[in-house]
Amino acid sequence: MKVGVDGRKLPGAATRPAVESLEKAAELGLDGVFFRTVLDITPTLDRHVLEELRRRADELGLYLDMGLAKVNPYANAEAPEVRELGNGDYTAGMIRMMRACAEIDCRELWVGTANYKPRLPGYHVFDRFRTDAPWSDQLAGIEKFLRVLRPAALDLGIHLNVETHEEITSFEVVRLVEAVGPDAVGITYDSANVVARAEDPVEAARRVAPYVRMSHVRDVALFRTDYGIGRMLAPCGEGVMDWQAILRALGAHRPDLRLSIENSRDRTVMPMHVYDPDWLAAHPDLTTTELAEIFRLTHTYEDLAAAGHRPDMGHLTGTPCDGPEQLRFITRTAEHLREILAADGAPGSASDGPAR
């Protein structure tokens, strides 16, 4: 396994060319960069720009992972740039992006299912709870759109890797892969996002592992609230996740998995309304065992914070997540993951990485 970073989340990424993000990752001793969308690199899919990025990644000995856009027809209006790329056709825009990625040999491609809406009240921050479009309709639309993209994916030899994002459960992502076909669709396992759906991150990793082809890695801090549980992001090793168990589960199916660190850029407290009957009813696959594990992890974090071994909620929400803190998040996470991999004797331990 190799340990890299989400290029969009690297401090300063918004103001520098993507090639410089590669160089910054190499400077930090990381193994690669995941770019959330190819349009972040070149909005016009300029082939020379993409070829230069590929060439520089190879020179630095870094992996290069790429993403596309949302595959939820109910959310496509939130990405007008994709429709514009296809001259008014969102599907054509997506296929152009897929082809551009394949031309630089990026064939594992991230896709998402919705966006987080922090300005909306309660659990309506998640598109799962939209009142104008039932989640079941959204899931049906996602499956239909993935089926539309499937022939192009097969022709280009790529996988569309659906993220376990905040609004979708790991159970649902697995069903999407199995319905459309694992020869064209895979999974991007996000360790922190499965917790937002009150899933045990270890069990979720085991559930999705046969289909995982990409990953976003970060830990969580959990606190009891008046509505249930609040989730905040933490560097791996400074939360409550069992990284040895998670990496073993993923590695059993994909020992060469690339672990892309998605660090926090703010202090968002993501709500888990586990006391609300309507919230619970919206998670028909959630088991009592996994919900109990989330409560156990919450108590564990609070106990560690009370003993001074973890920052408490007041400290986290009251401390800005500035550039130096974001860099610390990245380097601390990489250090912890490599320690786990080395202890397990797994491929991707610190001694297996490129020389720096």
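Student: How much space lies in the largest pocket?
Tutor: About 850 Å³. Keep in mind that this is a predicted model.

Student: And which residues are closest to its centre?
Tutor: Arg8, Lys9, Arg36, Glu262 and Arg265, out of the 34 residues that line the largest pocket.

Student: Which elements give two or more residues to that lining?
Tutor: Strand β3, helix α3 and strand β9, the last one covering 229-234.

Student: How does the lining of the largest pocket split by class?
Tutor: There are 15 charged residues, twelve nonpolar and seven polar.

Student: OK, what about the second largest pocket, how much space is in there?
Tutor: About 240 Å³. It has 16 lining residues, and Ala13, Arg16, Pro17, Ala18 and Asp40 are the ones closest to its centre.

Student: Which elements give two or more residues to that one?
Tutor: Helices α1 (18-27) and α2. By class, the lining of the second largest pocket has nine nonpolar residues, five charged and two polar.

Student: Switching to the fold. In what order do the eight strands close into a barrel?
Tutor: They go β1-β2-β3-β4-β5-β6-β7-β10, with parallel pairing. From one strand to the next, the twist averages 30°.

Student: What packs on the sheet from outside the strand list, say around β5?
Tutor: Helix α5, residues 135-156, packs on the sheet and touches β3, β5 (159-163) and β6 (185-190). The direction of α5 makes about 145° with that of β5.

Student: Back to β3 then. How many bridges pair it with β4?
Tutor: Three, in the parallel sense, between β3 (residues 63-70) and β4 (residues 108-112). Within that region, lysine 70 stands opposite glycine 112 in β4.

Student: Aspartate 65 caught my eye. Where is it found, and is it buried or exposed?
Tutor: Aspartate 65 is in strand β3. Its relative accessibility is 5%, so it counts as buried, the cut-off being under 20%.

Student: What is aspartate 65 in contact with, leaving aside neighbours within four places in sequence?
Tutor: Val33, Phe34, Phe35, Met214 and Arg258. Strand β2 spans 32-35, so by the numbering Val33, Phe34 and Phe35 fall in that strand.

Student: Now backbone oddities. What is the phi of leucine 45?
Tutor: Positive, about 60°, although leucine 45 is not a glycine. Leucine 45 is found in the loop between β2 and α2 (47-60).

Student: Is leucine 45 buried or exposed?
Tutor: Leucine 45 counts as buried, because its relative accessibility is 10%.

Student: And what phi does asparagine 87 have?
Tutor: Also a positive one, about 55°, and asparagine 87 is not a glycine either. Asparagine 87 is found in the loop between α3 (80-85) and α4 (90-103).

Student: Buried or exposed, for asparagine 87?
Tutor: Exposed, because asparagine 87 has 78% relative accessibility and the cut-off for exposed is over 50%.

Student: Last one, glycine 181. Where is its place?
Tutor: In the loop between α6 (170-180) and β6. At 10% relative accessibility, glycine 181 counts as buried.

Student: How far apart are glycine 181 and methionine 66, in sequence and in space?
Tutor: They are 115 residues apart in sequence and 21 Å apart in space, C-alpha to C-alpha.

Methods. Residues are numbered from 1 along each chain as its sequence is written. This is a predicted model: local features need pLDDT of at least 70, side-chain atom pairs count only at pLDDT 80 or more; totals for chains, interfaces and linings use all residues. Side-chain values use heavy atoms; hydrogens and water are left out. Two strands pair if DSSP finds at least two bridges between them. Helices (H or I, at least four residues) and strands (E, at least two) are DSSP runs, numbered from the N terminus. Axes are lines fitted to C-alpha atoms, for helices over the stretch in contact, and angles run from 0 to 180 degrees between N-to-C directions. Contact means heavy atoms within 4.5 Å. Buried means under 20% relative accessible area, exposed over 50%, partly exposed in between (1.4 Å probe, protein chains only). On a 1 Å grid over the protein atoms alone, a cavity is a set of points where a 1.4 Å probe fits but cannot get out, and a pocket is an open set with protein on both sides within 12 Å along at least five of seven lines; lining residues have an atom within 4 Å of a point. Grid points are joined across faces, edges and corners, and a volume is the space filled by probe spheres set on the points. Ala, Val, Leu, Ile, Met, Phe, Trp, Tyr, Cys and Pro count as nonpolar, Asp, Glu, Lys and Arg as charged, and the others, Gly among them, as polar.
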